[in-house]
Amino acid sequence: MSRVALRGGRLVDGSGDMGVHDLYLKDGVIEGLDLGGSVDVEHDASGTLVTPAFLDLHAHLRDPGQEVKEDLASGLAAAAAGGYGTVVSMANTDPVVDDPGLVADLVARAARTSGARLRPAAALSRGLGGEELTDFAALKAAGAVMITDDGIPVADSHLMRRACEYAAELGLMIQTHSEDPALRAKGVMNEGAVSHRLGLPGNPVEAESLMLFRDGELARMTGARVHLAHVSSKRGIEVASWLKAGGAPITIEVTPHHLTLTDESLASFDPLYKVAPPLRSAADVAYLRDALHGGVIDSIGTDHAPHTLAEKERDMLEAPFGISTIEVTFALLYTELVAAGALPLARLLHLLQDGPAAVMGWAPPRLAVGAPADIVVLDLERVREVDAAHLTSKAKHTPWQGTPLRGWPVLTVVAGAAVFERR
Ligand SMILES: [Zn+2]
């Protein structure tokens, strides 16, 4: 293995700001600070922030079977371009990742693929059918770190109860897609003044809050660790906070798009903005942003959900749900929250680093001697316009096309090797 030096960056991790140093990496781990001596590769990190690579507990990499949207190589490379060193892939692929062989195959292929580390999730029900539980023990043994039917809500409360009991026994995390399918019905956007004005079928906040309540109650009842994915509304956060305060072993995720876009975007009738759960009102976005300050929100997950342009160019009723987000998440949130003075940088970093690690029960990522050399170098002064044509993801379309954003990953290192470099 080679010896690498990142020279002259400001070193920051969840334990604090260490000041400006040369950081040395060797054999895939952090060797130390300011050691000197010869190196095989060096990077000039002066003027940048050097910090642990981000962790995403929620990305749709579309592999196997939907490689026209994304594949392991493009997805893990896109994650690296977003500053991520670890990604949990969702199981709603084709075939569904409901079999230990498919988990093992993902793990084996990811080990040969450059980019972020892969930690696959596996399906909760066979074929995401919502009827029969998968074999959690075998899926865990094959490498699955999380159980989720994400993309499809688990409608059957008894099945969800049994899933929670089974997961609790194994110490596995369950991630939910908390929307009541009957109540959201055929809604394609948030139900409210905007959906009424546009004449589009609405999906009410209560479809989320009702299901969050059920999922939180089942977590409390069974003792299972339940991660509530992509909570999108004020009411959803209120319900989840109340359950959490009452001792339910739940954690709460929010996404970059629910923090930055409102249902007014749908006035363009552009399905680029069609996502599940839907973009909410400005009041919801303001509430979510405020909630980032306290301890109630545990992590930011990208819900990176790439689709082909042809699919996203269908009409609003037919187009699939999802936005390709993983490459712009940091710059978007740095620009709109940190640079705008609405959130301290340390808090944003926490929600991308220590926060998701704690959700999973993983060690907090640190720039400490012997820790894995998974690092992102951030240029917080750099301003770039988002250009979909240059995204690494196969989904080369984005709601932020042409938007100047500030604060970009310029180098991502995984296990001591550069997996992304922005020139
Ligand atoms: Zn989901």
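This report walks through a predicted model, from its zinc site to its unusual backbone spots.

## The zinc site

Three residues hold the zinc ion: Asp-150 through OD, His-177 through ND1 and His-230 through NE2. The coordinating distances run from 1.9 to 2.3 Å. Along the chain, the donors follow the spacing D-x26-H-x52-H. His-177 sits in the loop between strand 11 (173-176) and helix 5 (181-184), and His-230 sits in the loop between strand 14 (226-228) and helix 8 (234-245), so the pair ties together parts that are 53 residues apart in sequence.

Are these two histidines, His-177 and His-230, buried or exposed? His-177 is buried. His-230 is buried too.

## Strand 11 and its partners

Strand 11 leads into the loop that holds His-177. Its residues point two ways: Met-173 and Gln-175 to one side, Ile-174 and Thr-176 to the other. All of them are buried.

Strand 11 pairs with strand 10 (residues 146-147) in the parallel sense, over two bridges. Here Ile-147 has Ile-174 of strand 11 as its bridge partner. Strand 11 also runs parallel to strand 14, and three bridges join them. In that pairing, Thr-176 is matched with Leu-228 of strand 14 as its bridge partner. Strands of a sheet pair through backbone hydrogen bonds, either parallel or antiparallel.

A helix links two of these strands. Strand 10, helix 4 (residues 157-170) and strand 11 make a β-α-β unit, and the unit is right-handed.

## One cavity

How many cavities of 30 Å³ or more are there? The count comes to one. The largest cavity holds about 30 Å³ of space. Rolling a probe the size of a water molecule over the atoms shows where empty space is left.

The lining of the largest cavity includes the zinc ligands Asp-150 and His-177. Gln-175 and Thr-176 of strand 11 line it as well. The other lining residues are Leu-124, Thr-148, Asp-149, Ile-152, Val-154 and Met-160. By class, the lining has four nonpolar, four polar and two charged residues.

## An open sheet of three strands

Another group of strands forms an open sheet. There are three strands, in the order 6-7-8, and the pairing is parallel. Strand 6 (54-59) and strand 8 (117-118) are the edge strands, and each pairs on one side only.

Strand 7 (residues 84-89) pairs with strand 8 over two bridges, in the parallel sense. The bridge partner of Val-87 is Leu-118, in strand 8.

## Helices 12 and 13

Helix 12 (residues 329-338) is largely enclosed by the rest of the structure, because nine of its 10 residues are buried. The buried residues are Thr-329, Phe-330, Ala-331, Leu-332, Leu-333, Tyr-334, Thr-335, Leu-337 and Val-338. An α-helix has 3.6 residues a turn, so residues three or four places apart point the same way.

Helix 13 (residues 345-352) contains Ala-346. At 58% relative accessibility, Ala-346 counts as exposed, because the cut-off is over 50%. Ala-346 and Asp-13 are 333 residues apart in sequence. In space, their C-alpha atoms are 8.5 Å apart.

## Unusual backbone spots

Most residues other than glycine have a negative phi, and most peptide bonds are trans. The spots below depart from that pattern.

Which peptide bonds are cis? The bond from Asp-94 to Pro-95 is cis, with omega near 5°. Pro-95 lies in the loop between strand 7 and helix 2 (100-111). A cis peptide bond also joins Ala-276 and Pro-277, with omega about -10°. Pro-277 belongs to the loop between helix 9 (256-260) and helix 10 (282-291).

Asp-34 has a positive phi, near 50°. It is in the loop between strand 3 (29-33) and strand 4 (41-44). Asp-34 is partly exposed, with a relative accessible area of 44%. Ala-185 has a positive phi as well, near 45°. Ala-185 is in the loop between helix 5 and strand 12 (189-190). With a relative accessible area of 51%, Ala-185 is exposed.

Note on methods
Residues are numbered from 1 along each chain as its sequence is written. This is a predicted model: local features need pLDDT of at least 70, side-chain atom pairs count only at pLDDT 80 or more; totals for chains, interfaces and linings use all residues. Side-chain values use heavy atoms; hydrogens and water are left out. Donors are N, O and S atoms within 2.8 Å of the metal (3.2 Å for Na, K and Ca); water is not among the atoms, so sites may look incomplete. Helices (H or I, at least four residues) and strands (E, at least two) are DSSP runs, numbered from the N terminus. Buried means under 20% relative accessible area, exposed over 50%, partly exposed in between (1.4 Å probe, protein chains only). On a 1 Å grid over the protein atoms alone, a cavity is a set of points where a 1.4 Å probe fits but cannot get out, and a pocket is an open set with protein on both sides within 12 Å along at least five of seven lines; lining residues have an atom within 4 Å of a point. Grid points are joined across faces, edges and corners, and a volume is the space filled by probe spheres set on the points. Ala, Val, Leu, Ile, Met, Phe, Trp, Tyr, Cys and Pro count as nonpolar, Asp, Glu, Lys and Arg as charged, and the others, Gly among them, as polar. Two strands pair if DSSP finds at least two bridges between them. A crossover is right-handed if, with the strands pointing away from the viewer, the path from the first strand over the helix to the second runs clockwise.
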